[in-house]
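Please read these notes with the sequence and the model open beside you, and check each point against what you see there.

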Amino acid sequence: MDIFETVEWIKSRISFEPFFGIVLGSGLGGLSEEIEAVDRISYSEIPGFPKSTVEGHKGEYIFGYMDEVPVILMNGRVHYYEGYPMQQVVMPVRIMALLGAKNIFLTNAAGGLNRLYHPGTLMCINDHISSFIPSPLIGKNDDRLSTRFPDMSSIYDNEFISLMHQSADELGIPLEDGVYLQVTGPAYESPAESRGYLAFGADAVGMSTACEAIVLRAMGVRLAGLSCITDMAIDNEDLPITHQEIQDIANLCSNHLKSIVKKTISKIYSEYKSNE
């Protein structure tokens, strides 16, 4: 079953067109409780769909309303380190766009490289580095999805970035700007690698998001990105980290992240409705 057949299969199950899509990262699934759900589809139900195997990633699409905004939530993502080809890793976000979500919010838990950050810092992603992972666009190009050589000069939407900062200011929540770097994982970074990524220009490092952003921008989707810094990847020689600790910190900053995401999406939707 190809991706367009999968989309038709989902459409046969549910009649719902989302305005916004949201991808929930590790420990950030609490945002799903803010949705007035009208339907849910587990990844395990969808023929040929990759399954999330990571703790903290439930693995389902949730369709519903965030206040008045029709949204689709990806509650849990799949990762390259789980053994899937990169084209399958990005399949879930491509499907969100093909179902109608032309605006998508990517969230993640990330390791801090910027020494001004600390666990619990929220970082608005204003650019990314994907040089350490295989491009999800490698292979035969499908012109129905994107051009062969899509532009990546402005991946994260500047208007969305501005509205995210407005929302954070109104909520009284500190929000940094920074560059996110994706690696394959699943091992955490060595101290030397972290120093190298910092020298490369990255403020945070993680194992997702950039590959999703590439295919979504290639499809013409407008993007916002938000990282929860769950640990300091830099200068961590004496501070070994575990996945459980990362989930715990993500849970602690979940309320602030949820508030920023909800308020930002509300502002974007209000502007869209006023321009109709």
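The numbered points below begin with the whole chain and then turn to its cysteines.

1. Please keep in mind throughout that this is a predicted model, and that every value in these notes was computed from it.

2. To find your way around the fold, you may begin with its elements, since the protein chain has 7 helices and 9 strands. Along its principal axes, the C-alpha trace spans about 55 × 45 × 35 Å.

3. How does the radius of gyration agree with that of a compact globule? For a compact globule of 276 residues a value near 19 Å would be expected, and the protein chain, with 18 Å, agrees with this.

4. Two further values describe how the chain is packed. Buried residues account for 55% of the 276 residues, and, if one takes the contacts between residues at least 6 apart in sequence, 83% of them join residues that are at least 24 apart.

5. Turning to the surface, the protein chain exposes about 11,700 Å², of which carbon and sulfur atoms supply 49%. As for charge, there are 20 positive and 36 negative side chains, and the centres of these two sets lie 6 Å apart.

6. Which cysteines are joined by a disulfide? The structure holds 1 disulfide, and this bond joins C228 to C253, with a distance of 2.1 Å from S to S. The pair links distant parts of the chain, for C228 belongs to strand β9 (residues 222–232) while C253 belongs to helix α7 (residues 243–274), and the two cysteines are 25 residues apart.

7. The geometry of this bond deserves a careful look: the torsion about the S-S bond of C228 and C253 is about -120 degrees, and therefore the disulfide is left-handed. When you look for the pair in the model, note also that both C228 and C253 are buried.

8. Why does C124 form no disulfide? The closest cysteine sulfur to that of C124 is the one in C228, and because the two sulfurs are 14 Å apart, they are too far from each other for a bond; a disulfide is counted when the sulfur atoms are within 2.5 Å. C124 is also buried, as its relative accessible area is 0%.

9. C211 is likewise in no disulfide, and the nearest cysteine sulfur, which belongs to C124, is 19 Å away. Is C211 buried or exposed? With a relative accessible area of 2%, C211 is buried, given that the cut-off for a buried residue is under 20%.

Note on methods. Residues are numbered from 1 along each chain as its sequence is written. This is a predicted model: local features need pLDDT of at least 70, side-chain atom pairs count only at pLDDT 80 or more; totals for chains, interfaces and linings use all residues. Side-chain values use heavy atoms; hydrogens and water are left out. Helices (H or I, at least four residues) and strands (E, at least two) are DSSP runs, numbered from the N terminus. Buried means under 20% relative accessible area, exposed over 50%, partly exposed in between (1.4 Å probe, protein chains only). The radius of gyration is taken over C-alpha atoms; the globule rule is 2.2 Å times the number of residues to the power 0.38. Contact means heavy atoms within 4.5 Å. Accessible areas come from the Shrake-Rupley method with a 1.4 Å probe; for residues, only the protein chains shown count as cover. Lys and Arg count as positive and Asp and Glu as negative; His and the chain ends are not counted. The place of a charge is taken as NZ of Lys, CZ of Arg, CG of Asp or CD of Glu.
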